[in-house]
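Biologist: I'd like to talk through the aromatic rings in this protein. Could you show me the model and take me through the reasoning?

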Amino acid sequence: QVRLVESGGGLVQPGGSLRLSCAAPGSIFRNNVMGWYRQAPGKQRESVATVTVGGSSNYADSVRGRFTISRDNAKNTVYLQMNSLKPEDTAVYYCTVGFSPSLWGQGTQVTVSS
């Protein structure tokens with residue numbers, strides 16, 4: 001069974017930073033766009049950021065300038081560096097494969113609160 005293994009969530013104060021990581025099987029990682037979605041309580045899942053195999057990235061307007069997505073092709077891992085976190089960033093964050101995701105991680109909780 002194919003799995004995406006996420007890590008790095010937690011509790012952080014407003015203005016703080018967190019880095020999420022997601023490791024994928026090489027056969028999946030090498031050939032696909034990788035991304036992050038999030039789902040806040042009572043809201044629909046939304047795309048946060050994507051990065052292509054070649055390294056081109058795209059962001060939701062709500063996170064552009066604060067979040068950075070990157071991928072390490074040697075480690076088959078995608079990262080989401082989140083800076084200047086706000087309470088409205090509180091959500092479960094999911095690692096995804098593809099622009100219209102065909103594979104999802106189990107999710108990691110990010111809570112931004114004082």
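Modeller: Gladly! Rings of Phe, Tyr and Trp pair if their centres lie within 6.5 Å. Please keep in mind that this is a predicted model. By that rule there are two aromatic pairs.

Biologist: What makes the pair of Tyr-37 and Trp-104 edge-to-face?

Modeller: Their ring centres are 4.9 Å apart and the planes stand at 65°. Planes over 60 degrees apart count as edge-to-face, so 65° puts this pair in that class.

Biologist: Why do you say that this pair ties together parts that are apart in sequence?

Modeller: Because Tyr-37 belongs to strand β4 (residues 34-39) and Trp-104 to strand β10 (residues 103-104), parts 67 residues apart in sequence.

Biologist: Are Tyr-37 and Trp-104 buried or exposed?

Modeller: Buried means under 20% relative accessible area, so Tyr-37, at 16%, counts as buried. Trp-104 has 31%, which lies between 20% and 50%, so it is partly exposed.

Biologist: And what is the geometry of Tyr-94 and Trp-104?

Modeller: Their rings are 6.0 Å apart, centre to centre, with 80° between the planes, and this pair is edge-to-face. Tyr-94 is in strand β9 (residues 91-97), ten residues from Trp-104. At 11% relative accessibility, Tyr-94 counts as buried. Ring pairs thus join Tyr-37, Tyr-94 and Trp-104 in a cluster.

Biologist: How do you know that the charged end of Arg-45 sits over the ring of Tyr-94?

Modeller: The charged end of Arg-45 is 4.1 Å from the ring centre, and the distance cut-off is 6 Å, with a limit of 35 degrees from the ring normal. Likewise, Arg-71 lies over the face of Phe-29, 4.3 Å from the ring centre.

Conventions
Residues are numbered from 1 along each chain as its sequence is written. This is a predicted model: local features need pLDDT of at least 70, side-chain atom pairs count only at pLDDT 80 or more; totals for chains, interfaces and linings use all residues. Side-chain values use heavy atoms; hydrogens and water are left out. Rings of Phe, Tyr and Trp (its six-membered ring) pair if their centres lie within 6.5 Å; planes under 30 degrees apart count as stacked, over 60 as edge-to-face and the rest as tilted. Helices (H or I, at least four residues) and strands (E, at least two) are DSSP runs, numbered from the N terminus. Buried means under 20% relative accessible area, exposed over 50%, partly exposed in between (1.4 Å probe, protein chains only).
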